[in-house]
Amino acid sequence: MSNRLADATSPYLLQHADNPVDWWPWSPEAFEEARRRDVPVLLSVGYSACHWCHVMAHESFEDDDVAAYLNEHFVPVKVDREERPDVDAVYMEAVQAATGQGGWPMTVFLTADAEPFYFGTYFPPESRHGLPSFRQVLEGVVAAWTDRRDEVGEVAGRIVHDLSQRSLAHGGEGLPAESELAQALLGLTREYDEKNRGFGGAPKFPPSMVIEFLLRHHARTGADGALQMAADTCEAMARGGMYDQLGGGFARYSVDREWIVPHFEKMLYDNALLCRVYAHLWRSTGSELARRVALETADFMVRELRTAEGGFASALDADSEDAQGKHVEGAYYVWTPAQLREALGEDDAAFAAEHFGVTEEGTFEEGSSVLQLPPKGPHHPPRTGEVVDEARAADVRARLLAARELRTRPGRDDKVVAAWNGLAIAALAEVGAYFDRPDLIERATEAADLLVRLHMGPVARLVRTSRDGRAGEHTGVLEDYGDVAEGFLALASVTGEGVWLEFAGFLLDIVLQHFTGEGGQLYDTADDAEQLIRRPQDPTDSATPAGWTAAAGALLSYAAYTGSEPHRAAAEQALGVVKALGPKAPRFIGWGLAVAEALLDGPREVAVAGPVGGELHRTALLGRAPGAVVAAGETSGSEFPLLAGRPMLGGAPTAYVCRHFVCDAPTTDAAELARALGGDGA
């Protein structure tokens with residue numbers, strides 16, 4: 001028997017459609033039902049690649065006795081946090097405020113007015129590790145609801161009142177300047193892990209947005225320390241277990257500080273952000289490792305995440321079936337020495353074990369190892385006489401990949417999320433342009449076409465998700481508008497097609513009209529979106545750029561392309577929050593700091609009168625100046641305002657570079673253009 005989730009577009013909700021729990025989707029009807037029956041709402045929030053969400057579902061939501069109790073005493077509501085980031089954000093803020101920590105699965109008990117009064121995350125079926133059992137929690141909530149209703153109401157009212165007091169000003173202090181960015185760099189230096197690279201301890205997340213800031217800061221100021229932290233962190237991640245040494249692409253994070261064992265799910269957003277980071281690192285240093293990882297990650301996204309409609313799926317699960325048919329985390333990716341011997345034979349297995357760090361005791365569970373490349377650098381001198389036979393390594397890698405293809409693949413969450421597809425479009429367009437891979441630019445264009453056709457609609461209002469060519473019913477949030485505009489602007493710069501600039505403009509006008517408050521602060525939901533117990537608002541990066549700073553970056557680029565003063569002013573007002581938070585919490589506002597670097601640099605406006613894809617256009621795209629915008633093509637068209645009135649000199653392709661209302665002399669010389677766009681510090 002299916003419950004009310006059978007018609008959902010979210011794969012996560014569909015995973016629960018056959019539970020004995022009588023789930024409702026988040027809807028006014030669910031809360032009306034709670035009011036009618038005079039029972040609380042159990043809100044359960046998760047996502048399809050979340051390991052502990054699956055565990056709790058299996059232990060509790062598939063259990064007939066637990067389900068019967070739940071159905072009798074609650075209205076159970078299931079939410080996919082990736083589909084409804086607004087609902088997730090509001091209640092996660094309450095969970096963190098009340099308990100000091102959060103995470104998924106998130107379990108919240110609400111009144112019929114959607115006011116929270118009791119919280120938790122994962123609850124086990126039996127009490128352990130100091131956690132009550134899920135059944136004990138349910139019984140405790142029912143007892144409080146029945147016997148102490150006044151107290152429940154008071155708690156709920158107080159929580160909602162406290163949340164309503166947390167509204168953020170825009171930062172108020174004006175624009176981030178040199179001093180704040182220098183303080184942010186100093187703060188990052190203090191949190192840098194000299195030995196293992198990256199920032200902070202375990203678990204260690206890929207700091208993609210912080211690395212973008214470091215690369216831009218180096219380009220603008222010449223600060224070698226910034227470039228060194230970026231390059232060394234990228235090398236450590238790419239050589240560690242978080243990077244898939246056989247198939248390319250990155251896992252979500254490392255459970256240890258040495259980058260050895262990953263949390264195995266692979267998310268579109270991580271791979272899109274990191275693909276772009278490694279491409280930009282190559283642009284700054286020429287690193288062959290960075291080039292390889294950028295291309296392999298792009299190929300991974302196209303091969304494993306691309307959907308039949310041309311968009312990109314959200315994630316691959318951490319779990320899959322092992323050889324015994326058990327669902328195990330990492331089963332698809334890890335190897336034992338015996339498995340190497342079976343795939344490669346004795347000699348090559350010994351070589352592979354040495355090359356990829358596979359040991360008898362294992363680096364993961366039950367004697368299995370995560371493949372990694374031996375680290376290099378001052379803390380890891382090369383082993384005596386070590387010379388890697390690259391041809392043999394490539395052959396072994398190809399044979400292991402072929403053997404892995406025979407394993408049961410991890411599940412795929414194939415919903416298309418607008419924001420994350422925007423990030424993928426930007427990455428694929430740039431990688432395609434840098435490395436002469438027109439196929440990647442085509443894949444980026446097809447994903448952008450899908451967003452316009454299916455997600456934007458006739459009034460340019462974005463829908464958050466789609467699946468199998470069917471648009472979801474949830475409206476886009478600020479990160480959708482900011483990241484999709486960012487993707488469209490990158491596509492415009494690479495393809496020379498001004499229509500992408502136009503589409504970005506439609507989206508950013510909606511940001512100005514519906515997401516911007518007085519004083520320039522930004523909200524995560526539109527002013528005409530569903531009203532929750534508070535309007536969510538968060539300028540800090542999590543796994544992706546904050547909607548706030550993503551929008552600021554796109555607004556700044558759009559203003560540079562068009563000369564639009566309202567868009568520039570909106571970007572500057574939004575960046576007040578970077579002035580406030582950058583020096584205090586630089587790890588959590590990396591994209592805001594990267595946008596601030598673009599603001600301090602201009603950003604530079606580059607018009608290339610001449611063929612798209614020609615030498616001058618490519619040179620412009622490879623410029624390191626932070627946030628520089630590039631328009632290329634015929635100057636007779638009206639698609640790019642930057643190109644208007646800028647002819648070719650003597651019939652030769654010509655580049656014009658301007659910033660802060662001042663222009664350099666036009667040039668037909670690629671080397672001169674490269675010098676003009678190296679960034680002042682490079």
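1. Let me start with Lys266, which is buried at a relative accessible area of 3%; buried here means under 20% relative accessible area, exposed over 50% and partly exposed in between, with a 1.4 Å probe and protein chains only. Lys266 sits in strand β8, residues 266-267. Helices (H or I, at least four residues) and strands (E, at least two) are DSSP runs numbered from the N terminus. The model is predicted, so local features need pLDDT of at least 70, side-chain atom pairs count only at pLDDT 80 or more, and totals for chains, interfaces and linings use all residues. Residues are numbered from 1 along each chain as its sequence is written, and side-chain values use heavy atoms, with hydrogens and water left out.

2. What surrounds Lys266, once residues up to four places away in sequence are set aside? Lys266 touches Asp244, Gly248, Gly249, Phe250, Ala251, Asn271, Phe300, Ser314, Ala315, Leu316 and Tyr333, where contact means heavy atoms within 4.5 Å. With Asp244 there is also a side-chain polar contact of 2.8 Å. A polar contact is a pair of N or O atoms within 3.5 Å; within protein, one must be able to donate a hydrogen and the other to accept it, and residues adjacent in sequence count only if both atoms are side-chain atoms. From C-alpha to C-alpha, Lys266 and Met301 are 9.9 Å apart, with their positions 35 residues apart in sequence.

3. Helix α4 (residues 64-73) is a nice one to look at next. Its buried residues are Val66, Ala67, Tyr69 and Leu70. Why do they share a side of α4? They cover an arc of only 165 degrees around the axis, which puts them on the same side of the helix; the arc is that of the directions from the helix axis to the C-beta atoms. An α-helix has 3.6 residues a turn, so residues three or four places apart point the same way.

4. The buried residues of α4 pack against β2 (41-46), α3 (51-61) and α6 (134-147). The face turned away from that buried side carries the exposed residues Asp64, Asp65 and Glu72. At the N-terminal end, Asp63 acts as a cap of α4, with a side-chain oxygen 2.9 Å from the backbone nitrogen of Asp65.

5. Helix α17 (residues 438-456) has 19 residues and spans 26 Å from its first C-alpha to its last, close to the 27 Å expected at 1.5 Å a residue. That expected span is 1.5 Å times one less than the number of residues. The buried residues of α17 include Leu440, Ile441, Arg443, His455 and Met456. Which elements do the buried residues of α17 pack against? They pack against α12 (288-305), β12 (412-417), α16 (418-434), β13 (465-467), α18 (478-495) and α19 (499-515). After α17 comes Gly457, with a positive phi near 70 degrees.

6. For anyone thinking about internal space, a search of the whole structure finds three cavities of 30 Å³ or more. On a 1 Å grid over the protein atoms alone, a cavity is a set of points where a 1.4 Å probe fits but cannot get out, a pocket is an open set with protein on both sides within 12 Å along at least five of seven lines, and lining residues have an atom within 4 Å of a point. Grid points are joined across faces, edges and corners, and a volume is the space filled by probe spheres set on the points.

7. The largest cavity has a volume of about 510 Å³. Of its 33 lining residues, Arg216, Arg276, Glu430, Gly627 and Ala628 lie nearest the centre. α18 gives the largest share of the lining, five residues. Among the elements that each supply at least two lining residues are α9 (208-221), α11 (268-285) and β16 (629-633).

8. The second largest pocket holds about 740 Å³ of space. It is lined by 26 residues, with Asp322, Ala323, Ala331, Val334 and Gln339 nearest its centre. β11 (327-329) and α13 (337-344) each supply at least two residues of that lining.

9. Finally, His474 lies in the loop between β14 (470-471) and α18. Is His474 buried or exposed? At 14% relative accessibility, His474 counts as buried. Neighbours within four places in sequence aside, His474 is in contact with Glu83, Arg84, Val463 and Arg464.
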